[in-house]
Amino acid sequence: MDSDYAAFESSLYTEFNDFCKKISAAYKDLQEELTPYRDDRYYRLAPMRLYTLSKRYFVLVFVVFFLCFGLTLFIGIAGPNVIEAKPYRSEASNSSKFGQYTLQSPVMSTYNQQLWLMCRIELDKTDESSFQNNFTMSVKIHGVSSDATVSYVDNKQHSRPRILSCAQKCDEIIVVHLGYLNYTQYNLDVRFENLNLLKYKLTAVTFTWKTYNPTFSQVEIWFRFVFVVLTFMVTCLFAHSLRKFSMRDWGIEQKWMSVLLPLLLLYNDPFFPLTFLVNSWFPGMLDDLFQSLFLCALLLFWLCVYHGIRVQGERKCMTFYLPKCLTVGLLWLASVTLGIWQTINELHDPTYQYRVDTGNFQGMKIFFLIVATLYILYLMFLVIRACSELRNMPYVESQLKDNPAFSMLNDSDDDVIYGSDYEEMPLQNGQAIRANYKEESDSD
């Protein structure tokens, strides 16, 4: 019995040892794949078209970029308004002394996306003195379905303390914000308490319903679709152009582009049409998550590239990537937490506003500002060090061969322009292309 148990234990230990060896071998292969060559990286890097552009093509790239940017800016200016508003004015004679109002929203569809109810209190005030007054706002929300049935959005009345700030006129107050529309119409019972204690007479209250313009929503769908298709095409072309080269031969820019392009695809949000097909908060939350992920990846890219100008050769994970990932990861975590917190609170209480209810958000906002300040200082430090490094660095000698930002300046003689037959072109043809390119650059 003991011998059988010992044999079983020995077999289990052998299998576990073999499994650990396979994991270790796989990790070494992956590390070797991701780590650039130390000795012959200078001769094996995948060429980049950026470093072989002549002056006229370089200028042409910027001209095309600014033309596209100007076109999108013109379409945005000449296109439909983003927000459409419908005001409703109630005179003081039509309201009770406690300020009770019954309001009905316009008929809406999913193309309206969100709903805001704003109000501005008007007082019989002729002087320019400013004051603040506390009051309580209570709201009940009823949803009207397409079949005209009325039901509570939730079975409770929401009460929130608000501050009325007035100078020449009173500031606008957000009464309700609905992040998604589950009904075609909403009926609201709004009550303002303690307004009768003001030293000025209440003359009127102007309510304004605000939603996204349905025409703008349709334009937004088409814009996002076009950019999703363009980003997908560019991503495929980029992957196709690097198909002949191992990942270990990619420069730092090419590796980062292989990460940023798929994230840009998510930034344009291929799931955006779900916002108009599903009455849920999830598509909007998904859109915010994708945007924050891409922006934080872009922040991380800037840190790595500027630091990579000084760090030559192998960039270790613990010393090179970990501090940057920690800084940007804290920014991403803070931004996502703020967005999720805001969405959850609005789902439970549509009268919740983070600009007003700052008690819970204050610590998170301070934390976000501190981390953002550290990031800016770190980035400025890396930019200054990189500029000083480039000023003291020759344009071509051997010390640039492992420089990640200028790795392609020192292509070997058999390197050719991006996308050509890198492995099969002989040495003499590579030298001829370099000589022709130098003459073309001098003539430009």
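User: Does Asn268 count as buried or exposed, and at what relative accessibility?
Analyst: This is a predicted model, in which local features need pLDDT of at least 70 and side-chain atom pairs count only at pLDDT 80 or more, while totals for chains, interfaces and linings use all residues. Residues are numbered from 1 along each chain as its sequence is written, and side-chain values use heavy atoms, with hydrogens and water left out. Buried means under 20% relative accessible area, exposed means over 50%, and partly exposed lies in between (1.4 Å probe, protein chains only). Asn268 falls under the first cut-off, so it counts as buried, at 13%.

User: Where is the place of Asn268?
Analyst: Helices (H or I, at least four residues) and strands (E, at least two) are DSSP runs, numbered from the N terminus. Asn268 is placed in the loop between H5 and H6.

User: Leaving aside neighbours within four places in sequence, which residues is Asn268 in contact with?
Analyst: Contact means heavy atoms within 4.5 Å. With its neighbours within four places in sequence set aside, Asn268 is in contact with Arg224, Phe227, Val228 and Thr231.

User: What is the relative accessibility of Asp269?
Analyst: Asp269 also has its place in the loop between H5 and helix H6 (274–277). Its phi is positive, about 60°, although Asp269 is not a glycine. Asp269 counts as buried, with a relative accessibility of 2%.

User: At roughly what angle do the axes of helix H4 and helix H5 cross?
Analyst: Axes are lines fitted to C-alpha atoms, for helices over the stretch in contact, and angles run from 0 to 180 degrees between N-to-C directions. The axes of H4 (residues 214–241) and H5 (residues 252–267) come within 9 Å, and they cross at roughly 160°.

User: Which term describes how H4 runs relative to H5?
Analyst: Angles under 35 degrees count as roughly parallel, over 145 as roughly antiparallel, 65 to 115 as roughly perpendicular and the rest as oblique. The crossing angle of H4 and H5 is roughly 160°. H4 and H5 are therefore roughly antiparallel.

User: Is the crossing of H4 and H5 left-handed or right-handed?
Analyst: A crossing is left-handed if the near helix is turned anticlockwise from the far one by less than a right angle, and right-handed if clockwise. The crossing of H4 and H5 is left-handed.

User: In which hand does H7 pass H8?
Analyst: The axes of helix H7 (residues 282–308) and helix H8 (residues 317–348) come within 10 Å and cross at roughly 160°. That makes H7 roughly antiparallel to H8. Residues in the contact include Met285 and Leu289 of H7 and Phe320 and Tyr321 of H8. The crossing of H7 and H8 is right-handed.

User: What is the order of the strands in the open sheet of four strands?
Analyst: Two strands pair if DSSP finds at least two bridges between them. The pairing in this open sheet of four strands is antiparallel, and the order is S1-S9-S3-S7.

User: Which strands stand at the edges of the sheet?
Analyst: A strand at the edge has a single partner strand, so one side of it is left without a neighbour in the sheet. From one strand to the next, the twist averages 20°. The edge strands are S1 (83–91) and S7 (173–178).

User: Which residue in S9 is the bridge partner of Cys119?
Analyst: Strand S3 (residues 115–123) and strand S9 (residues 202–212) run antiparallel and are joined by nine bridges. The partner of Cys119 in S9 is Phe207.

User: Which side chains along S2 point to one face and are buried?
Analyst: In a regular strand the side chains alternate between the two faces of the sheet. Along S2, Gln100, Thr102 and Gln104 point to one face and are not buried. The side chains that point to the other face and are buried are those of Tyr101 and Leu103.

User: Which residue in S8 is the bridge partner of Gln104?
Analyst: S2 and strand S8 (residues 185–193) pair in the antiparallel sense over five bridges. The partner of Gln104 in S8 is Asn187.

User: How far apart in space are Asn112 and Ile83, C-alpha to C-alpha?
Analyst: Asn112 is found in the loop between S2 and S3 and is buried, with a relative accessible area of 5%. In sequence, Asn112 and Ile83 are 29 residues apart. In space, C-alpha to C-alpha, their separation is 9.1 Å.
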